[in-house]
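Please open the model in your viewer, with selection by residue number ready, and follow the stops below in order.

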Amino acid sequence: MTDMRRFIERMPKAELHVHVEGTLEPEMKFDLARRNDIALPYRSAEEMRAAYDFDDLPSFLKMYYEGMGVLQAEQDFYDLTTAYLTKAHSQNVVYAEMFFDPQAHTTRGIDYDTVIRGIRRAQVDAQDRLGIRTQLIMCFLRDMSADSAMATLEQSLPYRDWLVGVGLDSDEKGNPPIKFKAVFDRARAEGYGLTMHCDVDQENSTRHIWQTLEDIGVDRIDHGVNSLEDEALCDEIVQRGLALTVCPISNKCITGSLKAVEIRRMLEKGMRATVNSDDPAYFLGYVQENLVATQKEADLSRDQVVRLAANAFEASWLPAEEQRGLLSRLESYVASEAGA
Ligand code: HPA
Ligand code: ZN
């Protein structure tokens with residue numbers, strides 16, 4: 001193992017952009033399909049993985065939504081979340097903010113309550129058992145209507161204390177941030193943190209990123225790599241101190257490039273870039289593999305790798321005191337490795 005790989009592996013890390021449904025590994029799909037008496041169109045996990053051959057966002061999303069059909073009971077959501085948190089913990093992820101997509105389940109007849117209770121129970125148990133701290137972010141599907149998003153926001157209110165924020169995902173084409181302005185205004189009034197996907201190399205990417213700033217007032221941007229095409233936009237992101245949750249291996253699968261050099265440019269400009277896994281079971285890399293691939297391709301220094309980790313703790317939606325605690329864990333780790 002190279003020194004850098006080992007350094008990254010043992011470093012305390014946070015992950016801010018991971019879709020819990022995107023952590024559904026083929027092996028678990030087969031287990032859940034058996035449990036729920038569902039037929040799958042593949043003979044084995046290997047065959048399923050071999051079919052993960054995406055070249056754009058819609059081709060990934062098709063597989064992603066099909067895959068989650070095996071999630072039916074509360075226990076399924078519990079098992080899914082537990083498997084992800086166990087894996088994340090094994091990579092020294094000490095804090096994770098996870099997305100979930102309630103509309104992808106309620107539209108197929110699964111109750112909101114079933115989904116969120118299973119995820120929540122896994123979060124509580126993982127904290128007790130492994131010490132991994134987590135929070136949950138509810139995403140709206142942007143290719144559904146704003147009315148449906150608003151209804152979903154209302155469904156979330158009885159579970160307000162289990163959610164830290166809201167996001168926006170699914171197919172960006174023809175679904176700009178502004179479509180959801182009223183929903184995000186209402187979410188802010190409820191005290192939710194606000195983030196939105198600005199997927200990579202989309203139609204009108206920079207216009208959409210401007211909208212998240214000027215029309216929505218997001219607290220964070222998911223992906224957002226195309227901001228680099230617009231100097232004024234980068235300046236505005238720096239000035240607002242907004243973090244970007246970049247997902248290199250996801251980028252590679254969807255656009256053909258890790259965008260690792262772009263991540264280095266963001267760091268050099270003082271933009272608060274972070275590195276995340278997005279949908280690790282589909283893109284075949286968790287946060288460790290994402291950091292290692294980025295460091296290697298962009299030839300990042302150890303300081304830059306630490307900066308990426310520190311950015312994630314600082315951009316987390318944790319109370320300031322907890323953020324400080326995690327940052328000092330990172331600092332102690334770096335000090336213990338100095339000269340190593
Ligand atoms: N982009 C849009 N929608 C998604 C993603 C993503 O990266 N992952 C899961 N749903
Ligand atoms: Zn995503």
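Select His-223 together with ligand 1, and you will find a polar side-chain atom of His-223 at 3.2 Å from an oxygen atom of the ligand, a polar contact in the sense of a pair of N or O atoms within 3.5 Å, where within protein one must be able to donate a hydrogen and the other to accept it, and residues adjacent in sequence count only if both atoms are side-chain atoms. This is a predicted model, in which local features need pLDDT of at least 70 and side-chain atom pairs count only at pLDDT 80 or more, while totals for chains, interfaces and linings use all residues. Residues are numbered from 1 along each chain as written, chains are lettered from A and ligands numbered from 1 in the order in which they are written, and side-chain values use heavy atoms, with hydrogens and water left out.

Next, add Asp-279, which has a polar side-chain atom 2.8 Å from a nitrogen atom of ligand 1, and then Ser-170, where a backbone N or O atom lies 2.8 Å from a nitrogen atom of the ligand. The protein covers 100% of the 260 Å² of accessible area that ligand 1 has on its own (Shrake-Rupley method, 1.4 Å probe).

Now widen the selection to the residues surrounding the ligand, including His-19, Asp-169 and His-197; helix α4 (residues 57-67) gives the largest share of this shell, 4 residues (a helix being a DSSP run of H or I, at least four residues).

Finally, move to Thr-195: a polar atom of its side chain lies 3.2 Å from the backbone oxygen of Arg-220.

Conventions
Near = heavy atom within 4 Å. Helix = DSSP H or I, 4+ residues; strand = E, 2+ residues; numbered from the N terminus.
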